[in-house]
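Here's a quick briefing to read with the structure open beside you. Take it topic by topic and find each residue as you go.

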Amino acid sequence: HGALPIYTFNSLKAAWLRREPPGTGKDLLLGFVAGVVNVLLTTPLWVVNTRLKLQGANFRSSDIRATNYRGIMDAFHQIIRDEGLLSLWNGTFPSLLLVFNPAIQFMFYEGLKRHLLAGKRQLSSLEVFIIGAIAKAIATTVTYPLQS
């Protein structure tokens, strides 16, 4: 999570809005695309992070072999060399299912923001915080079954 999906969403929104007016469906689509971009760019980092943290762990399965990485770059190198480049995206599919949460959050946030901006020039920091919290609560409620 973090800044990457927000940056991607806002960049896509700015490019799209040059041609068409904003809308709820567009916000949902752009949020989904931003989430997919985030997953595809960050999954290799999560794979390497997980592998580094699991070094030295004792596994019950003989199918899992011990690894010895000297750091992040060495882990990238060994994983690509021994398992192939695509192994850096192991676990991508379940993560892609979870992009519905930020997509729904962006959709509700942008919709609420448009509604409040209809009568104002700018939102206060408190209003931005509140609509962000409401949007996150709705998105989490709607997607909670996917996360458990």
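**Tyr69 and the nonpolar cores**

Leaving out neighbours within four places in sequence, Tyr69 is in contact with Arg51, Leu52, Gln55, Asp74, Ala75, Gln78 and Ile79. Keep in mind that you're looking at a predicted model. Tyr69 also belongs to the largest nonpolar core, so let's begin there.

- The largest nonpolar core has 7 residues in all: Val47, Val48, Tyr69, Ala75, Phe76, Ile79 and Leu88.
- Two elements, α2 and α3, each give two or more residues to this core.
- The largest share comes from α3, with 3 residues.
- There's also a second, separate core of 5 residues, and Phe9, Leu30, Ala34 and Phe106 are among them.

**Gln78, a contact of Tyr69**

- You'll find Gln78 in helix α3, which covers residues 72-83.
- Is Gln78 buried or exposed? Its relative accessible area is 13%, and buried means under 20%, so Gln78 counts as buried.
- If you skip residues up to four places away in sequence, Gln78 touches Asn68, Tyr69 and Glu83.

**Helix α1 and its two sides**

- Helix α1 runs over residues 3-17, which makes 15 residues.
- At 1.5 Å a residue, α1 should span 21 Å, and its end C-alpha atoms are indeed 21 Å apart, so the two values agree.
- Which residues of α1 are buried? They're Pro5, Thr8, Phe9, Lys13 and Trp16.
- These buried residues cover an arc of only 130° around the axis, which means they sit on the same side of α1.
- Over on the other side of α1, Ala3 and Tyr7 are exposed.
- What do the buried residues of α1 pack against? Their partners are α2 (24-54) and α5 (100-117).
- Ala14 is in helix α1 too, and at 41% relative accessibility it counts as partly exposed.
- For a sense of distance, try Ala14 and Asn58: they're 44 residues apart along the chain, and their C-alpha atoms are separated by 49 Å.

**Salt bridges**

- How many salt bridges does the structure hold? The count is 6.
- One of them joins Glu110 and Lys13, with the closest N and O atoms 2.9 Å apart.
- That pair links distant parts of the chain, since Glu110 is in helix α5 and Lys13 is in helix α1, 97 residues apart.
- Both partners count as buried: Glu110 has 5% relative accessibility, and Lys13 has 13%.
- Asp27 and Arg114 also meet through their side chains in a salt bridge, at 2.7 Å from N to O.
- Asp27 lies in helix α2 and Arg114 in helix α5, so this pair ties together parts that are 87 residues apart in sequence.
- Here the partners' burial classes aren't matched: Asp27 is buried at 2% relative accessibility, whereas Arg114 is partly exposed at 27%.
- Arg70 forms a salt bridge with Asp74, and their closest N and O atoms are 3.4 Å apart.
- In that pair, Arg70 is exposed, with a relative accessible area of 73%, while Asp74 is buried, with 12%.
- Asp74 may ring a bell, as it was also listed among the contacts of Tyr69.
- Finally, look for a network of salt bridges that links Lys13, Glu110 and Lys113.

Definitions and conventions:
Residues are numbered from 1 along each chain as its sequence is written. This is a predicted model: local features need pLDDT of at least 70, side-chain atom pairs count only at pLDDT 80 or more; totals for chains, interfaces and linings use all residues. Side-chain values use heavy atoms; hydrogens and water are left out. Helices (H or I, at least four residues) and strands (E, at least two) are DSSP runs, numbered from the N terminus. The expected span of a helix is 1.5 Å times one less than its number of residues. Buried means under 20% relative accessible area, exposed over 50%, partly exposed in between (1.4 Å probe, protein chains only). The arc is that of the directions from the helix axis to the C-beta atoms. Contact means heavy atoms within 4.5 Å. A nonpolar core is a set of buried Ala, Val, Leu, Ile, Met, Phe, Trp, Tyr and Cys residues joined through side-chain atoms within 4.5 Å. A salt bridge is a side-chain nitrogen of Lys or Arg within 4 Å of a carboxyl oxygen of Asp or Glu.
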